[in-house]
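The report below treats the nonpolar packing first, then the metal sites, and then the annotated spans and individual residues. Please read it beside the sequence and the model.

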Amino acid sequence: MSGNTPVSLHRALDAVWRAPKGIAALSAVNHTVVGRRFIITAFIYFAIGGLLAMLIRAQLARPDNPFLGADAYNQIFTMHGTVMMFLFAIPLIEGIALYLLPKILGARDLAYPRLSAFGYWCYLFGGTIILAAMLMGVAPDSGWFMYTPLASQPYSPGINSDVWLLGVTFVEISAVCAAVEIVVTVLKVRTAGMALTRMPLMAWYLLVTAAMMLIAFPPLILGSVLLEIERAFNWPFFDPERGGAPLLWQHLFWLFGHPEVYIIFLPAAGAVSTLIPVFARTKIVGYAWIVAAIIALAFLSFGLWVHHMFTTGIPHLALAFFSAASMLVAVPTAVQVFAWIATLMRGRPQMTLPMLYLMGFFSVFILGGLTGVMLALVPFNWQAHDTHFVVAHLHYVLIGGFVFPMLAAAYYWMPLMTGRLPVFQVSKAAFWLIFLGFHGTFLIMHFTGLMGMPRRVFTYEGGLGWDIPNLISSIGGFVMTAGFALFVIDIVLQTRFGRRFRRNPWGGTGLDWAMPTPAPSYNFASLPLVTGRDPLGDNARLGADIAAGKGYLPGAPRGEMETLCVDMATGEPEHVLIFPKNDYTPFFMAAGLAVFFVAFLLSAYWIAPLGLIIATIFGWRWLWSLGAKADPDPIDAGHGLSLPAHYVAGSVPTLLGLKYFLAANAAFYGSLMFGYLFLWTTAPDWPPPEFLGANPLLVAAIAIGLAAGSGFAFNARRANLAGRAGARRIHLAGSLIASVAALAGLGVLAVAEAPAPDGHAYAAVTMVVIGYVMLHVLLGVLFAAYALARCQSGFVSALRSADMRGTAIWQLYTAITGLGGLALIILAPGGMG
Amino acid sequence: MSGALRKVRGPDLIWLIAGFSVWGAGFSVLYGLHAVGCRAGWEEAGIAGLSANRIMLLAVYLGHGVLGAALWFPLNRIAGRWEGASADTVRRVAVIVTLAAVISTLWTGAPVLFLEACV
Amino acid sequence: MCVAPVLAGCEGALSSLDPAGPAAQSIAGVWWVMMAGSLVILALMMGLILFPFWKRHQPREVPETLWLWGGGLGFPLVVLAALLAWGLPSGQSMLAGRETPVYTVEAEAYQWGWNFRYPGEDGVTPEVLHIPAGEPVDVAITSLDVIHAFWVPRLAGKVDAIPGTTNTLRILAPEPGIYEGMCAEFCGLEHATMRFRVVAHASDEYESALDAALAGQEQP
Ligand code: HEM
Ligand SMILES: [Cu+2]
């Protein structure tokens with residue numbers, strides 16, 4: 001390590017890490033670049049959503065307003081909600097997570113840089129599809145929750161609903177990718193000594209948020225897939241005339257939709273928990289309490305979804321469970337608020353600019369929480385539901401609980417991005433305009449709603465007591481918009497003319513401020529050993545030490561991009577993660593998916609599979625580029641620490657990611673099982689006229705194929721560990737053949753034994769279960785083939801066993817879900833019919 | 001508090017979610033069985049003034065409450081052995097969430113104690 | 001329940017704050033209580049949050065037990081338990097289909113309008129529901145196409161009209177008169193104008209009024 005100066009280290013690292021310019025920017029995968037792209041794109045969508053909101057407020061400003069017609073208004077409010085939720089809020093938290101996580105965890109990048117780049121392209125392409133549809137006048141128009149049957153084919157025959165279903169699903173792929181990325185990064189990719197409980201609270205918040213995303217998004221994706229299949233191929237999942245249930249859609253949607261609100265709120269609360277102690281010049285009160293509170297929130301938020309369905313005629317006792325849970329969820333929120341208050345009380349808080357925005361957060365969010373408790377009360381909900389009271393409530397929560405903290409966070413972390421400080425006066429004026437405009441718009445709207453004004457009406461007659469409140473709301477809305485415009489101007493001014501500063505302008509205590517600003521491409525010249533929760537607070541010279549290469553893995557002596565991976569709980573270094581170079585693969589894979597989605601949207605069903613094939617080819621390439629053809633030497637991490645490369649480690653990050661992806665996949669499958677049973681027990685027009693024929697020989701053949709596919713894969717894995725290359729090959733081939741056999745059997749089951757899927761919801765949902773299993777078996781075939789090819793090409797050894805382990809995990813998952821699904825669809829007709 | 005002291009390991013983190021998993025199971029089972037019970041007419045059958053439906057709901061409710069509370073014993077035994085960097089805080093969080101989960105189970109299911117089952 | 005000057009501003013043909021039926025009355029009452037309570041809580045919290053800025057002091061230790069056990073857990077649990085203890089039985093008491101059966105009419109929603117049917121009568125009364133005043137009436141609500149919702153804010157809360165299912169709502173109009181209603185669930189192009197009205201007749205005039213309406217001779 002001798003001879004290293006901060007400048008020489010910087011040169012060496014920057015040469016390896018620098019972001020590519022020009023057309024090559026499409027290949028960039030670094031988290032700073034991708035995070036920034038997410039954030040900027042999200043804010044552009046925020047501006048679009050805001051413009052749509054202005055159209056809404058202009059239309060509602062006075063009664064019988066001829067400005068917009070019903071069709072235009074329906075598209076506009078649907079797009080406003082859709083853009084704000086799916087293209088602004090969720091991507092913004094993803095962007096912030098991707099940008100910040102390595103910087104606060106003391107890492108140089110995320111666990112899978114290419115995955116987040118891929119996610120970005122999915123987001124961009126999906127969002128573009130939705131936006132293009134709006135410009136062409138065929139935007140979705142059934143409201144942001146797309147209730148069936150209104151959104152179904154007979155009542156929405158145009159492509160409007162398809163745009164929503166396909167576009168949003170495309171965007172949600174990026175959410176699932178980001179979730180896997182975040183969970184693995186927080187659990188594994190941290191600097192030395194950063195035990196779980198030494199992590200900054202923000203990392204906890206993001207960990208819990210991402211875990212929630214893994215479980216919450218799959219029900220929405222399932223719902224969208226089912227509805228799109230219903231619309232495209234006439235399979236009746238939601239059609240009450242053929243055994244479907246309109247309420248199934250509502251359950252699937254809100255099973256996602258409610259946790260979604262907390263997914264948006266938690267990272268914002270993470271920002272609050274980060275900023276409050278910094279500006280109160282003290283440590284957070286109740287670290288353990290806050291961690292406990294967010295875990296409780298994560299769970300409880302999955303027990304609330306029916307409170308969006310209090311008027312659908314569900315038995316009152318069931319409503320009562322959800323009412324009680326909805327109220328209970330206020331408790332962990334209160335715990336956090338009181339922890340923040342106690343922190344302010346303990347410290348000497350200063351009304352800095354970010355703090356000012358946090359005051360906006362408190363006043364707005366607390367009121368939103370209180371109206372939330374009101375709405376959780378069943379009888380009150382029967383009156384307020386679907387009125388402008390709810391519109392007011394949801395904006396208090398979303399703008400209070402998300403936008404205000406994000407603005408505070410923007411002012412707090414902008415200096416890290418730009419190296420400049422805000423121009424204070426403009427930003428203050430922006431705050432007051434936003435704050436006053438906000439209350440002007442939405443405070444009175446509670447009253448408008450209780451006076452009987454339903455949401456989603458494009459016009460109303462005068463004399464109902466709604467005229468003046470609506471006018472006030474519209475004026476407030478334009479004031480608020482002026483405030484946001486000023487905010488944007490201020491941010492631009494700051495990046496151009498802001499005051500430069502040396503280091504750590506706010507007196508932060510985390511690792512994010514222990515790096516030079518603007519943040520360098522590699523974050524840390526060396527990775528520090530952390531011994532407490534406030535590394536920079538404990539050692540003011542930490543930044544200089546890091547820059548001088550006194551930590552682990554200084555510089556880039558091997559010409560590789562490297563960071564540490566640690567034990568989940570204790571933070572002891574386990575292995576060195578070597579990052580992939582910039583790569584076009586994510587871009588082309590997402591482009592393949594774009595072909596699929598656009599073709600499907602245009603009903604070009606014969607082109608659509610082509611897109612999937614392109615995506616699969618690039619997916620194969622992606623996996624192929626992992627690992628190495630020779631067993632690597634241990635890497636000298638400095639300070640006498642010698643660590644293995646990640647692909648020979650006991651816990652290979654790729655496999656961990658695979659497991660979390662399968663958790664999300666299991667949530668998808670679980671939702672499908674729920675849908676099957678829900679239809680069976682509650683839909684009208686059951687039992688169906690015709691059941692699945694279950695030829696015992698065929699069923700046995702499929703079951704054996706599934707089980708053998710998994711069994712052989714495990715044997716192959718064992719043979720690999722024992723160094724028996726021949727046995728390894730034979731067992732892999734066995735797994736492949738068994739899967740092919742199972743696939744053929746399932747094909748026969750689908751074609752010869754199952755009733756036609758467009759006749760009855762039973763047949764449709766049974767076919768989806770079979771299709772799900774077939775898809776997994778097909779991918780199992782590909783995995784086995786891939787593992788064979790990898791063995792052949794020398795990528796696999798007893799030490800480099802990730803391919804073998806991955807194949808075994810996949811085949812096991814396929815066998816379990818396949819056998820479970822088979823049991824359900826074969827046994828249910830006998831047991832319940 | 002028996003056995004040798006050791007570090008907190010990855011699998012120990014299960015204690016951060018065990019309590020609320022019991023809550024989640026109880027909540028789902030209660031919701032699902034209630035729907036099935038009312039549909040299948042279990043409200044009509046019964047003994048000693050309690051309908052079969054009510055007995056089932058009470059059993060699920062109390063059963064999960066007891067199960068959640070019973071987690072305390074293994075948690076106490078295992079968490080008592082933790083030492084090192086994360087031990088104190090992880091133990092503290094585990095205790096708080098396990099307790100909070102029991103309260104949540106009792107809270108969200110409480111309506112079975114005083115509301116009619118199938119209207 | 002609400003003070004006179006405020007009440008004046010709450011009047012409206014569709015205002016849930018100008019309640020006529022018992023269910024709407026009870027809900028409006030709890031609204032005013034919750035609103036007052038919320039304002040107190042908001043003021044309290046903002047006071048606590050802003051206090052440290054005003055009273056700058058040397059950093060000091062804060063009693064974690066008080067703030068987290070007391071403020072974070074105890075305070076909300078007590079308030080919420082009280083609210084639930086009132087709200088759940090109250091909601092149950094508003095439900096239809098309990099105890100003795102009452103006069104039941106049918107409401108059928110479609111894109112975009114309402115048809116109302118009466119027991120033992122052929123024919124429908126479009127866009128107008130006739131009920132006897134002063135006694136509970138159950139409305140059996142369904143839809144022919146997409147989801148709508150039946151809402152007469154001055155009488156009671158709303159219930160969805162879902163195709164393939166029938167939901168029942170109990171309403172009671174204490175006085176004869178006209179009560180305005182609307183579709184409250186977004187249902188497409190003409191959702192905004194999908195209104196209807198409930199006409200309550202004195203019970204001795206109900207039969208004849210209903211017959212007249214069914215025969216197509218509109219009154220009031
Ligand atoms: C910029 C200021 C904003 C204004 C003036 C505004 C205004 C409105 C109005 C008036 C509606 C009701 C439309 C109707 O029911 O007819 C609405 C709906 C909605 N808004 Fe906003 N909004 C703003 C920002 C936001 C933000 C930041 C979010 C989310 C992060 C958001 C999410 C929604 C959602 C989800 C709906 C429901 C859409 C639907 O009913 O399908 N809004 N907004
Ligand atoms: Cu309607």
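The largest nonpolar core of this predicted model has 422 residues, and A:Trp340, A:Phe380 and C:Phe150 are those with the most contacts inside it. A nonpolar core here is a set of buried Ala, Val, Leu, Ile, Met, Phe, Trp, Tyr and Cys residues joined through side-chain atoms within 4.5 Å, where buried means under 20% relative accessible area, exposed over 50% and partly exposed in between, with a 1.4 Å probe and protein chains only. Helix α3 (residues 70-105) of chain A gives the most to this core, with 23 residues; helices (H or I, at least four residues) and strands (E, at least two) are DSSP runs, numbered from the N terminus. Because domain 1 (22-92) and domain 2 (103-214) of chain C both give residues to the core, it lies between them. The domain bounds come from an automatic or database domain assignment, and the C-alpha centres of the two domains of chain C lie 39 Å apart. Beyond its neighbours within four places in sequence, A:Phe380 is in contact (heavy atoms within 4.5 Å) with residues of both chains, including A:Met374, A:Phe389, C:Ile27, C:Trp31 and C:Met34. A second, separate core of eight residues includes A:Leu732, A:Leu788, A:Cys791 and A:Phe795.

Residues are numbered from 1 along each chain as its sequence is written, while chains are lettered from A and ligands numbered from 1 in the order in which they are written. As the model is predicted, local features need pLDDT of at least 70 and side-chain atom pairs count only at pLDDT 80 or more, whereas totals for chains, interfaces and linings use all residues, and side-chain values use heavy atoms, with hydrogens and water left out.

The metal sites come next. Donors are N, O and S atoms within 2.8 Å of the metal (3.2 Å for Na, K and Ca), and since water is not among the atoms, sites may look incomplete. Four donors count as tetrahedral if all angles lie between 85 and 135 degrees; four count as square planar and six as octahedral if opposite donors are over 155 degrees apart and all others between 65 and 115, and anything else is irregular.

| Metal | Coordinating residues | Distances | Angles | Arrangement |
|---|---|---|---|---|
| Copper ion (ligand 2) | C:His148 (ND1), C:Cys183 (SG), C:Cys187 (SG), C:Met194 (SD) | 2.0 to 2.6 Å | 92 to 125 degrees | tetrahedral |
| Iron atom of ligand 1 | A:His80 (NE2), A:His395 (NE2) | 1.9 to 2.0 Å | 89 to 179 degrees, six donor atoms | octahedral |

Along the chain, the copper donors follow the spacing H-x34-C-x3-C-x6-M. Of the copper ligands, C:Cys183 is buried, with a relative accessible area of 1%, and C:Cys187 is buried at 0%. For the iron atom, A:His80 lies in helix α3 and A:His395 in helix α13 (residues 388-418) of chain A, so the pair ties together parts that are 315 residues apart in sequence, and both histidines are buried.

In chain C, the unreviewed UniProt entry annotates residues 31-54 and 66-88 as "transmembrane region"; such positions are given in the numbering used here, feature names are shortened, and annotations may be inferred rather than shown by experiment. Residues 31-54 are 100% helix, with end C-alpha atoms 34 Å apart, and residues 66-88 are likewise 100% helix, with end C-alpha atoms 30 Å apart.

Two further residues of chain A deserve a note. A:Arg114, in helix α4 (residues 113-135), counts as buried at 6% relative accessibility, and among the residues that it touches are A:Asp583, A:Trp622 and A:Ser625. A:Pro246, in helix α7 (residues 246-280), counts as buried at 4%, and its contacts include A:Thr148, C:Ile147 and C:Pro163.
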